[in-house]
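Work through the exercises below with the coordinates open, and try each task before reading its solution.

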Amino acid sequence: MSWFNATEHVRWLGDEARALLEFGRASRLDAGFGYLDSKGNPMPGKELELYIQCRMTHAYCLGAMLGLPGSRRFADHGVRVLRTVFRDHEHGGWFSSISPTLDSGHGVPIGEGGARKSAYAHAFVVLAAASATAANRPGAHDLLEQALLDQEQHWWDDHAGMVRESYNRDYTECEPYRGANAAMHTVEAYIAASDVTGNYVWLRRALRIADRVINMEARAHNWRIPEHYTEQYQVDLEYNRDYPADPFRPYGATVGHALEWSRLLVQLRAALRVADIEAPDWLLPAAEELFETARTDGWRVDGAPGFIYTTDFDGAPVVRQRMHWVVAEGIAASAALRRALLDDGAGQGSVEHYTHCYRSWLDYVEEFVRERPGAWIHELGPDNRLSTGTWEGKPDIYHALQAMLMPRLSLAPSFASALAAGMLDETEWCVKQEERKKRRWF
């Protein structure tokens with residue numbers, strides 16, 4: 001039995017997932033989940049952000065289905081604040097950020113930015129609602145229905161096969177920008193929504209987004225993903241050149257997004273097969289191309305271990321900071337690709353490559369990123385010392401938690417639905433294809 005099947009390795013992954021969920025508990029406030037500082041305490045007076053509420057709700061829904069005591073309480077808190085405090089009851093949708101102090105039980109948006117509606121954050125509303133629905137939490141079904149109706153009414157652009165980026169509060173003005181970051185998280189959300197609703201329109205839309213962003217644009221740019229587009233979906237490679245370390249719209253190609261897309265393409269491929277929908281032949285090769293480009297461009301390129309944040313479109317480093325979420329997505333992508341090749345009966349050499357990457361990046365997390373169980377440093381400098389140029393504190397556990405779960409789950413269904421179906425295998429990482437077919441999952 002190889003090391004990744006060993007009980008100790010599986011136990012380590014499970015222990016770290018529990019530690020992450022334990023660490024995140026300190027973020028709970030009356031109005032939602034707060035932004036944690038470097039010591040794991042909510043930052044006093046800092047606004048509450050919608051995407052963090054959704055990510056933490058998603059995380060505790062996963063914890064609830066793992067059977068971890070107390071997780072249901074935190075999951076229910078998340079569903080409740082999304083249905084009430086963050087909900088814009090006048091114009092629909094959800095506020096991007098609110099004051100940590102409630103006004104008669106209602107959330108108060110922070111300025112014009114807080115009142116805006118963001119595709120990025122609204123994708124996470126769908127993900128949180130889908131996970132809560134899989135966990136059968138109170139109010140989750142209604143929340144998911146509202147979130148998917150909002151997608152239909154405002155976000156999905158059927159002509160382009162993409163999502164719009166943001167609106168003002170009453171949805172009368174749409175921002176003349178389109179972004180691959182919001183599109184990527186919408187793909188994740190649509191796969192999850194398809195799993196829990198059985199409505200494959202969301203799966204087909206996820207494929208359309210992936211086809212445009214990856215099969216068309218990333219392929220045309222040597223597997224470096226153009227992140228920024230005009231209102232007419234024309235690539236804008238110069239966007240934010242003066243703000244290269246932006247946390248959501250950085251200039252250039254984002255290494256971590258290539259790894260994240262790599263994982264998502266593998267999961268999308270598996271989900272399509274489960275649904276008996278033809279999975280295009282380009283999905284797995286594209287996932288491998290993205291992975292290799294990210295690894296070559298981003299890993300140890302300046303002599304020290306770690307993934308840099310961004311490159312230009314020739315692969316030259318732009319921002320050299322190491323973000324925790326990038327290595328987390330590397331771990332998840334290597335596990336997903338390894339499993340996909342094993343499922344397809346691929347050659348052992350390719351499997352060993354992804355196994356090596358997986359183990360190397362876990363070693364990096366243990367040495368540099370993980371201060372203690374459950375506490376991952378969000379940003380390191382090129383010297384692998386603490387940095388806060390883009391991220392301060394430890395705001396959420398979403399990427400790290402999914403990285404701990406991906407090696408223990410099949411590729412389809414998505415995280416929450418897999419846990420709801422009892423598909424977490426505590427003793428064996430790779431489930432044989434024939435056994436999975438008996439369970440109706442590819």
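The exercises that follow treat empty space, helix packing and backbone geometry in turn.

The model is predicted, so that local features need pLDDT of at least 70 and side-chain atom pairs count only at pLDDT 80 or more, while totals for chains, interfaces and linings use all residues. Residues are numbered from 1 along each chain as its sequence is written, and side-chain values use heavy atoms, with hydrogens and water left out.

**Exercise 1. Characterise the largest cavity and the second largest cavity by volume and lining.**

Step 1 fixes the terms: on a 1 Å grid over the protein atoms alone, a cavity is a set of points where a 1.4 Å probe fits but cannot get out, and a lining residue has an atom within 4 Å of a point. Grid points are joined across faces, edges and corners, and a volume is the space filled by probe spheres set on the points. Under this rule there are five cavities of 30 Å³ or more.

Step 2 takes the largest cavity, whose volume is about 170 Å³. Its lining has 17 residues, and those nearest the centre are Arg55, Tyr120, Trp325, Trp391 and His399. At least two lining residues come from each of α2 (50-65), α7 (180-197), α9 (255-274) and α11 (324-344), where helices (H or I, at least four residues) and strands (E, at least two) are DSSP runs numbered from the N terminus. The lining of the largest cavity consists of eight nonpolar, six polar and three charged residues, with Ala, Val, Leu, Ile, Met, Phe, Trp, Tyr, Cys and Pro counted as nonpolar, Asp, Glu, Lys and Arg as charged, and the others, Gly among them, as polar.

Step 3 turns to the second largest cavity, which holds about 110 Å³ of space. Of its 16 lining residues, Leu127, Glu188, Ala192, Ser414 and Phe415 lie nearest the centre. Here α5 (119-134), α7, α9 and α14 (415-420) each supply at least two residues, and the lining divides into nine nonpolar, six polar and one charged residues.

**Exercise 2. Describe the largest pocket and find which element gives the most to its lining.**

Step 1 is the definition: a pocket is an open set of points with protein on both sides within 12 Å along at least five of seven lines.

Step 2 gives the volume of the largest pocket, about 560 Å³. The pocket is lined by 24 residues, and Ser96, Ser118, Tyr120, Phe248 and Arg249 are the closest to its centre.

Step 3 assigns the lining to elements: α2, β5 (117-118), α5 and α7 each provide at least two residues, and α5 gives the most, with three. By class, the pocket lining has eight nonpolar, eight polar and eight charged residues.

**Exercise 3. Classify the packing of α5 with α7 and of α6 (140-155) with α7.**

Step 1 sets the geometry: axes are lines fitted to C-alpha atoms, for helices over the stretch in contact, and angles run from 0 to 180 degrees between N-to-C directions. Angles under 35 degrees count as roughly parallel, over 145 as roughly antiparallel, 65 to 115 as roughly perpendicular and the rest as oblique.

Step 2 applies this to α5 and α7, whose axes are 8 Å apart at an angle of about 20°, and the two helices are therefore roughly parallel. By class, their contact (heavy atoms within 4.5 Å) has 13 nonpolar, four polar and one charged residues.

Step 3 does the same for α6 and α7, which pack at about 130° with their axes 12 Å apart, and this makes α6 oblique to α7. In the contact, Leu144, Leu148 and Gln151 of α6 meet Thr186, Tyr190, Ala193, Val196 and Thr197 of α7. These residues divide into five nonpolar, three polar and no charged.

**Exercise 4. Where is the cis peptide bond, and which residue other than glycine has a positive phi near 60°?**

Step 1 recalls the background: most residues other than glycine have a negative phi, and most peptide bonds are trans.

Step 2 locates the cis bond between alanine 412 and proline 413, with omega about 0°. Proline 413 sits in the loop between α13 (398-405) and α14.

Step 3 identifies asparagine 240, whose phi is positive and near 60°. Asparagine 240 belongs to the loop between β10 (228-229) and β11 (253-254).
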